[in-house]
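Please look through the structure below, beginning with the place where the ligand is held and then turning to the protein as a whole.

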Amino acid sequence: MRRKGRKQKEVRTLPNVFHGKPEEISDSLVKYFRNEKPLVLELGCGNGEYTLALAQKFPDKNFVGVDLKGSRIWTGAKKALALSITNAAFIITKADRLHLIFNKPVVEEIWIPFPNPFPLRKSIKQRLVHKRFLDVYGKICLQEAKIHLKTDAEILYQYALTVIEEEKLILVAATDDLYSSDLYKEENTIQTKYEQQHIKDGKSIKYVCSRLQ
Ligand SMILES: C[S@@+](CC[C@H](N)C(=O)[O-])C[C@H]1O[C@@H](n2cnc3c(N)ncnc32)[C@H](O)[C@@H]1O
């Protein structure tokens, strides 16, 4: 079996990775965390760099990385186990199903680092900041929950600003050049795999923080 196939199979056996029916994922998360600490999500988490770094920094919160690709989650989940990080878990699912897993508002913050920009008109609906996703976030988030987006894509940055205005979210902060901005501090300095590559390629990193009403 090839490496990716092996990861896809193994990731489903890890104790900190949940998949399958929404209600089963929901039950498993409750059993896994066994506490009511505030919950933070990382969407399109890939290797889960935000989930791991934030979980280490904030032991009094729970962190869940979400990605539709199990082979990517494998890396973060294995690292979390190796480092005995117990306040982090991962879910293999599409982000538009999250309201079926969290059937009441429990999420206090969402990080979306370097989502696919989906530049073509026909795929705009796949953008993780499209209204269709914001509706899901609205169902699972606590009042005034913050949504953080990092991207290298100008098209996605501009789109996010438009959606925030149209959907009447509160714009907390935005920059089209994070590394030369005073917003480059604390959690914003955590780098994902894609971010490292974009920086190597000389791209500027854009950041938008908004708040649900
Ligand atoms: C460009 S990669 C970025 C990965 C990681 N955040 C990083 O910065 O290194 C985008 C990730 O989003 C995931 N993804 C795309 N659409 C998704 C969706 N609707 N639900 C969950 N994950 C999604 C992909 O599988 C992929 O791992």
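The ligand of this predicted model sits in the largest pocket, a pocket being an open set of points on a 1 Å grid over the protein atoms alone, with protein on both sides within 12 Å along at least five of seven lines, and sitting there requires more than half of the molecule's atoms to lie within 2 Å of its grid points. Local features need pLDDT of at least 70 and side-chain atom pairs 80 or more, while totals for chains, interfaces and linings use all residues. Residues are numbered from 1 along each chain, and side-chain values use heavy atoms, without hydrogens and water.

**Around the ligand**
- Among the 17 residues around the ligand (a heavy atom within 4 Å), Gly44, Asp67, Arg72, Pro113 and Thr192 come nearest.
- A polar side-chain atom of aspartate 67 lies 2.6 Å from an oxygen atom of the ligand, a polar contact being a pair of N or O atoms within 3.5 Å.
- Polar backbone atoms also approach ligand nitrogen, with 2.8 Å for glycine 44 and 2.8 Å for proline 113.
- The protein buries 94% of the 590 Å² that the ligand exposes when taken alone (Shrake-Rupley method, 1.4 Å probe).

**The whole protein**
- The protein has eight helices and eight strands, which are DSSP runs of at least four residues (H or I) and at least two (E), respectively.
- Its C-alpha trace spans about 40 × 40 × 35 Å along the principal axes.

Definitions and conventions: Polar contact = N/O pair within 3.5 Å; in protein donor to acceptor, adjacent residues only side chain to side chain. 1 Å grid on protein atoms, 1.4 Å probe; cavity = no way out; pocket = protein on both sides within 12 Å on 5 of 7 lines; lining within 4 Å.
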